[in-house]
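Thank you all for coming this morning. I would like to walk you through one structure slowly, starting with the whole chain and then turning to one pocket and one helix.

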Amino acid sequence: MRREFWLSVYCVLVGALGLLLLLLFPLTIDLPTLLLFTTLALLVEGVGFRVPPADPHSLVGVVLLTAALALGPANGALVAACSGLIFGVIAPLIYGRKLSPYLLLARPMLRAGVRALGLLAGAGLAYVLGGPDASQGLLFLALLLCFPLTIQLNRVTREFLQGGRTGVITWWRSSWRAALGAELLPLPVAWLGAAIYSQLGLVYFLLAAVALFAASLSVRRAANKVQRQRRSVEELALLNQVSRAIIRADMDVTALCELIYREASKLVDTSSFHLGLFTPESDQYRLVVRVQDRVRLPTIEMDLPMGDGLVGWMRETGQSLLVEDFTREMERLPARPRYQSDRPPRAGIYVPLSVGEQVIGTISIQSFRANAFDVDDLRMLSLIADQAAVAIAKARAFDQASRRARQLQAIRIVSEQITAILDIDLLLPSVVGLIRERFGYHPVHIFTAEPDSRLSFRATTADTAAAGQERLRNLFPGDGIVGTAFQSGQPLLVNDVAADPRYISDDPNTCAELAVPLRFGNQQIGVLDVQSDRTDAFSDDDLFIMQTLAGQIAVAIESARAFGAQREEAWTLNALLQVAENLARASTLDDLLPAIVRLPPLLLGCERCYCWEWDVEQRRFVPLAAYGLNTERRAIFMARPLDDTGAPLLAEARNASAPLFARDFQHTPGRLPVVAGFGGGALVALPLTARNLPLGVIVADYDAPGVELRPRTRALYAGIANQIAAALETALLAQDAAQAAHLEEELRVARDIQTALLPAHAPRIPGWDIAADWRSARLVGGDFYDFWKLPGISDQGPGIRDQGSGARDMESDDAAHSAPDPRPQTPDSRSLGFIIADVSDKGVAAAMFMGLSRSLVRAAALDGSSPSSALTRANRWIARDSDSAMFVTIFYAILDTESGMLRYTVAGHNPPLLIRANGSLEELKTPGIALGVLDEITLNESETALHPGDTLVCYTDGVTEAINRVEEEFGVARLVAAVSAHRTESAGAMLRAIDVALHNFTEGHPPFDDITLVIVKREG
């Protein structure tokens, strides 16, 4: 509209200037002469020809110059003004153009004023060059120069105001030949016309006028013919040039559309020209080039559905349309036109821009004259459209590729910058800032998924913390556009939030929103959200940018989280290493306990720390150490063991597998009353376990209630608990080991003492082979055997122990075979007393009872009493001196080494086995009870004779009750079999045979009970 306004202003001003100048000159022309020349000018101009899009061309300049030469410049200017004004008014009617103030007033004034200015300028130039008396020839030359120059300068100015530089170029290319041939070159004929009017009279002038009119008709016919021929000849060349120009054009859609308009002007009338493009995958239609009656109009956009209007029909069908006269053909048109002007055209050509089956736009030319276009114009415009469509499609593709390349470059820059940030608290604000800086989105929000399923509002580019944004700080999946995008895992683009019920308002200026999930692998980790204060602000390009950025941001967030996790893990490991180093320095439990309660305050900032040991036997918590208490409070703490009812928190921690957090302990002091008076606001109870067994509990005590512990701190607490538990277990085990080692050493001494009570070796008596074996299941045992001499036996016999004889050293549990005394016995040694006994228990208690029993039995037997009497007396002493409820089974025998007679008593012991030389078996039994059971007992005795080759095997139940892996007992039968198989061998060989049989039967397992054997064999 600005172009039309300034064009109208120009026309009025220039026209008024010319007419005002005309009024300054004296006019001497009479009315008939004025009518004669004006009529001649109108007739000649009326038969002119037009080369679109320029003005009509004619020989009217010859008439106007003739009038200026024949009647004078002022009178000729009057004729020019009158004819120009009249023709300007009737021209729209001749060419079928819509009447308007511009065409009926402004253009006629301009035509009249410019023609008058041209003639008056020539007169003025002649006056300047020749003065008042300038010759007719000089005047003619001045007019010949100024008149056409003024006319053409006016046309250039007018075209520039109408169409800009493009309009001037288009006009010049289409009209310079016609202007030169029809307007400039014939002007010298005016000299002849003026001469005929001045010298030959009116009749000859009329004849010349008729000739001029006829010449005008001939020129028009010739011009039209030439135009048709030239059009036919140049059509293909121009079309080829147009095609090459379009194909070689820059890949810019707007510039390409301008080029198409200019090139089309070479082939068809583009006085009214429209080139419009459809937005891909949309009904938006944009008129890129819009020329109306040679006036350039601004670009407009509209919503044009498929099939709506002629343009919509072309998009739907892909067909072209030639309309010769809208007035006659309106009812036959395939669609009703949608005019964007209040002045509809009379004729038009409508051609689609098609690429394959897709219509990407349209080209149309229109005219206000009926039948202004024919099929040739349709054909030419269709050919141009085909080339244009391909070029525009390529330009669009190039533009899209270039835009995508720029987007990807920007995304790459953003990605490089954000991936360099490994602190997530710095990363997220940097991300939203970079997105705003590079892509212009504002505001930009980032939400991250939290372990409690909440979407945390982490970063934004909003300039102020608007009150509405507080609503976003507690979003959950499914809440609002952000929550919906997170829950579905799909981007959500809403170009009008007012029409979407899911929208949660956080800014009253928001009109559109785009939310894209942040996905890492199969895990949703957050949402990237952008908003706009315009509806329809986001397109597919924005969606692509946001999705691509979302992927990069998700990777950056996970990298930052992984780095943070590694950093926290390194910090935790370093802290645990310090814990381990401090705990390792403690060599004893007393050194360890202060370090245990000192480390949590040092590393984790609690004010106090307490440690309890769980006493399994007494079912209570025993205080071990405390930190952060004064002397008085520490004394109170250490003096109070706690059971489950007095310390529910410790009981819960003991049964838990992870630390317990009592963040509001001041509200529940009954959970651990012993520390309630120390000022604790929050407690952390750490169970100490080793091999799934509770060792105790450590409690960290904070003054501040409701302490929030970060995951790293929680993990560190758990790690410290494990370290302390291991160290505490090690210290307790070391303490137990030290006690065990001390006890073992004492047991070794006891073993040495016990073995000293046993005979150092078996007695060596001529005619007899005696061997003994003693093996305890533990370091000390309850079995024993002994030999002693009886009254009447010579003291010379070194093989018989007296009461002061020493014991042989036994360093291990292996079989100890009594070796025979190599020294000979004196001839008067006859009676040998020997016993084998088994105490009812094992271990230390049995060993002590064994020592007591052995001494009492020995004391009772040394006076030579019979076996039954000696054991009865020993029983009274044992029952009187022992309150242990233990007893001892004994086999006591007195052997006459010369006669072989054996007197014996069995006091509850395993019956010895007497294996005769012929292999027969006898069990030596007498009624009786074990010693130590009752105060008074009655024991019987019996006697038998040992003949040469007979073997007496005395044993304890550790031999016969030895078991194998299937818990089967060795039994008497296997013992008899082992002895019988070697009865012809020595007593020592029989001991070894029994040992081998036991070893094979038990598969080398250590004995379960004490094993004692005494074998007495009479040599043959």
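**The chain, a pocket and a helix**

The chain has 25 helices and 29 strands, where helices (H or I, at least four residues) and strands (E, at least two) are DSSP runs numbered from the N terminus. Please keep in mind that this is a predicted model, in which local features need pLDDT of at least 70, side-chain atom pairs count only at pLDDT 80 or more, and totals for chains, interfaces and linings use all residues. Residues are numbered from 1 along each chain as its sequence is written, and side-chain values use heavy atoms, with hydrogens and water left out.

Of the 1020 residues in the chain, 50% are buried, meaning under 20% relative accessible area with a 1.4 Å probe, protein chains only.

Now, which residues lie closest to the centre of the second largest pocket? Among the 25 that line this pocket, they are Phe278, Thr279, Pro280, Arg396 and Arg403. A pocket here is an open set of points on a 1 Å grid over the protein atoms alone, where a 1.4 Å probe fits, with protein on both sides within 12 Å along at least five of seven lines, and lining residues have an atom within 4 Å of a point. Helix 12 gives the most to this lining, with seven residues, and by class the lining has nine nonpolar, seven polar and nine charged residues.

Finally, in helix 24, residues 971-980, the buried residues are Gly971, Leu975, Val976, Ala978 and Val979.

Note on methods. Nonpolar A, V, L, I, M, F, W, Y, C, P; charged D, E, K, R; others polar.
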